[in-house]
Amino acid sequence: MNYATSSWFVKVTAIKDKLLKNNEEINWVPAHIKDGRFGKWLEGARDWAISRSRFWGAPLPVWKCEKCDKLEVLGSIDDIKNKVKKSGNKYFIMRHGESEHNKKNVVSSKVLNPHHLTEKGKTDIKGISQKVKKENIDIIFSSDFVRTKETAEVLASEIDYDKSKIIFDKRIRELNTGTFDGKSPRDYHNYFTTLEEKFTKAPPEGENLIELKNRVSEFLYEIEENYQDKNILIISHEYPIWLLSAGAIGADIKQSVKMKEDNGDDYIETGELRGFDFTPLPHNENYEIDLHRPYIDKIEFDCLCGGKTKRVVHVFDCWFESGSMPYASAHYPFENKNKVENNLSAEFIAEGLDQTRGWFYTLLVLSTALFDKPAYKNVIVNGIILTEDGEKISKRLKNYTDPIEIVHKYGADALRLYLLSSPVVRAEDLNFSEHSVDEVYKKVILRLWNVYSFYDMYAPSPLGGEASKYYLAAEPPSSKNVLDKWILARLDELMQEITVNLEKYELDKATRPIFDFVDDLSTWYVRRSRDRFKDEGEDKKDAILTTRFVLLEFAKVTAPFMPFMSERFYKSLGGEKESVHLEEWPFKKSLTDSVLGVFGVDKASKDLEILYDMKEIRRVVSLGLEARAEAGLKVRQPLQKLIIKNDKLKGKDELLELVKDEVNVKEIGFDPGIENDVKLDLRLTPELIAEGQFRDIVRFVQDLRKKAGLTPDDEISVFVQTDFSGENLLKKFEDEFRKIVNARPVEFSASGGPALGRNDLLKLDDLEFVIKIATEK
Ligand SMILES: [Zn+2]
């Protein structure tokens, strides 16, 4: 149904230029939203309808005279107090004088209890009467208990007030403590675990404090209504006086408890007199201040023209409240004035693309209108996640996998990395692919676990102890090994890439370098360092120290991206803090430095060199392996020589060793005259062939070991049945063979023993071996 209705508007058109100017100060990710979708929306900005004709919501604080249409905005409780009609009454409250039950220390909560004032009680009341007299009391209200009645009567004769005019009101009687009457006050208190509990839990046959508060507050509101310009004295008991004071200011349970706690043992002493202010306020049925409808609508006042001023019926559109969040949530301007005004713009907010017309917009409109500042400095706009086929995700169609299932299957870190590295963090839609999460899981998470497990297996505890001492220094290890230098330089590079992109709030660009780094760490650094871990001595120590340092720093810098795994690494590797998420960000250098270098400027140029060299080495290796594949030669077959066209790597022997190992060649040569970047010498001599065959035998035996479930420490016996040439071949390499496969001297037989089965047959060209292994175990 469409019909015309009147609304309240924010005149956005009047501040359009300021909106556009403030938008210029905001860093949008992706950048095109600033002048595109959002900027265009600002340029076409229309006035903003902020009112709704509903019951629920924050009421518009606008009052209107029914006669002359004059508008008044009441922006605070004080404004309301100033506007509402006051009775002109002055209120005084007094607790009865000391009574017999106070002295006996028993609870007295029944009106017929014969607990009279003590002599001291009477004397005290007489003592204070001169003070009371000065207040020119017009009316005395009193509880109808014996002790309050006597207090009122003693006082009345002292201040010449006609006793017969004392008004007794049951509503200001003592709290009804039910079955605790006559018992020790301690018994009553012990019935509750907290003071707060007394408000909602009543003792048997008694009343709770909400009931008490409601009856004394009702009394107060009633006399405020019924009397004008009177000085009124109320004589009552401790709890009723406390809760009448609470009801007078609209305190809720928490505030009421605080009032009592702030006042010492007793809220008010026996025979004590106090004055208090009272202005009726919008409140709910428990006399707690409440500025919502319907209570706020009871606030009406007279206009100067003589007309009645009433609140307009509207409430705010909830978007007005979202836009006010930065100030309203801090109870500004009533509290936190400096804090809010000094921190007007949030560092960073994130929401979906649809919010360019919603939250992003209302935040900017209100911050511009109120303070002429943007409400936020950086904003990441995310896109929408769709099904793999690009359809809208629908609960009804159930055309998606439950995210919790994905988390159970691949872990929260894999899902998080997948999303953070995807275009959904730059306002683009994402066709969610479980396959891609699986890929992240395999390429990043599993590889990292393997790196860690490998480290853990080879880091013996004495060295571990030494290592942990070393790491307290938070310095990178000073290894001479080129692989260590390289992975440290890569770590440095990773930290810089992540930091620079996080500073720009470009999450995908900050996340993706993690994938490459894990690949380098796992498939190059650790793979190439395997033998170093197995050796003894300085190089092993360097490998372990470097791996540990790298994993620890990696944990710190990836904590925002993979919070669970980084925490696991950090704790396992002996990180100093309670959690990696309490660590300092490891990259401390200024981002304006164009050089690499968490580890210092001196190291930076060396970093660049090693990064370049290793890239080149890996390119050469990959070309060498391609050339092998083209020639149909398996990698186990050694070749004599690889020739490299570019001579930049000449003389870098440590790096070239990596090429020799990877491509399995005896030597490296340089020749600028060759046609391609690398050239492989494919000629096979009898020696190279024999070595290749030997490598095949080693591989075969290692497989047997693996199938038998042996660890590297298990020494084996090896039985070989072969012919003369086969035996010659193996004997030629026997020392090396025994070392690699951890074997006792090989036992040859011409025909084989009963244990040798045909399953263990290895054929190499025209050679045949039947091989069996055994352990002592
Ligand atoms: Zn008026």
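Here are some short exercises on a predicted model, each with a worked solution.

Residues are numbered from 1 along each chain as its sequence is written. Local features need pLDDT of at least 70 and side-chain atom pairs count only at pLDDT 80 or more, while totals for chains, interfaces and linings use all residues, and side-chain values use heavy atoms, with hydrogens and water left out.

**Exercise 1. Classify the ring pair F141 and Y227, and say where its two members sit.**

Step 1: Recall the rule. Rings of Phe, Tyr and Trp (its six-membered ring) pair if their centres lie within 6.5 Å; planes under 30 degrees apart are stacked, over 60 edge-to-face, and the rest tilted. The structure holds 35 aromatic pairs.

Step 2: Apply it. The centres of F141 and Y227 are 5.9 Å apart and the planes stand at 75°, so this pair is edge-to-face.

Step 3: Locate the residues. F141 belongs to strand β8 (residues 139–142), and Y227 to the loop between α8 (209–226) and β10 (231–236), so the pair joins distant parts of the chain, 86 residues apart. Helices (H or I, at least four residues) and strands (E, at least two) are DSSP runs, numbered from the N terminus.

Step 4: Check burial. Buried means under 20% relative accessible area, exposed over 50%, and partly exposed in between (1.4 Å probe, protein chains only). F141 has 3% and is buried, whereas Y227, at 24%, is partly exposed.

**Exercise 2. Now do the same for Y452 and F569.**

Step 1: With ring centres 5.3 Å apart and planes at 25°, the pair is stacked.

Step 2: Y452 lies in helix α16 (residues 434–458) and F569 in helix α21 (residues 563–572), 117 residues apart.

Step 3: Both Y452 and F569 are buried.

**Exercise 3. Find which lysines lie over the faces of F168 and W242.**

Step 1: A charge sits over a ring if NZ of Lys or CZ of Arg is within 6 Å of the ring centre and within 35 degrees of the ring normal.

Step 2: For F168 the partner is K149, at 5.4 Å from the ring centre. For W242 the partner is K260, at 5.9 Å.

**Exercise 4. Describe how helices α15 and α21 pack.**

Step 1: Two packed helices are described by the angle between their axes and the distance between the axes. Axes are lines fitted to C-alpha atoms, for helices over the stretch in contact, and angles run from 0 to 180 degrees between N-to-C directions.

Step 2: Helix α15 (residues 412–420) meets α21 at about 125°, with the axes 7 Å apart.

Step 3: Angles under 35 degrees are roughly parallel, over 145 roughly antiparallel, 65 to 115 roughly perpendicular and the rest oblique. The two helices are therefore oblique to each other.

Step 4: Contact means heavy atoms within 4.5 Å. A412, D413 and R416 of α15 meet P563, F564 and M565 of α21.

**Exercise 5. Place Y525 and Y376, and list some of their contacts.**

Step 1: Y525 is in helix α19 (residues 507–534), and at 0% relative accessibility Y525 is buried.

Step 2: Leaving aside neighbours within four places in sequence, the contacts of Y525 include L483, W486 and T547. V451 is 74 residues away along the chain, with 9.7 Å between the C-alpha atoms of V451 and Y525.

Step 3: Y376 is in strand β16 (residues 376–382) and is also buried, at 0%.

Step 4: Not counting residues up to four places away in sequence, Y376 touches W28, F38 and I349, among others. Y376 and I349 are 27 residues apart in sequence and 6.9 Å apart, C-alpha to C-alpha.
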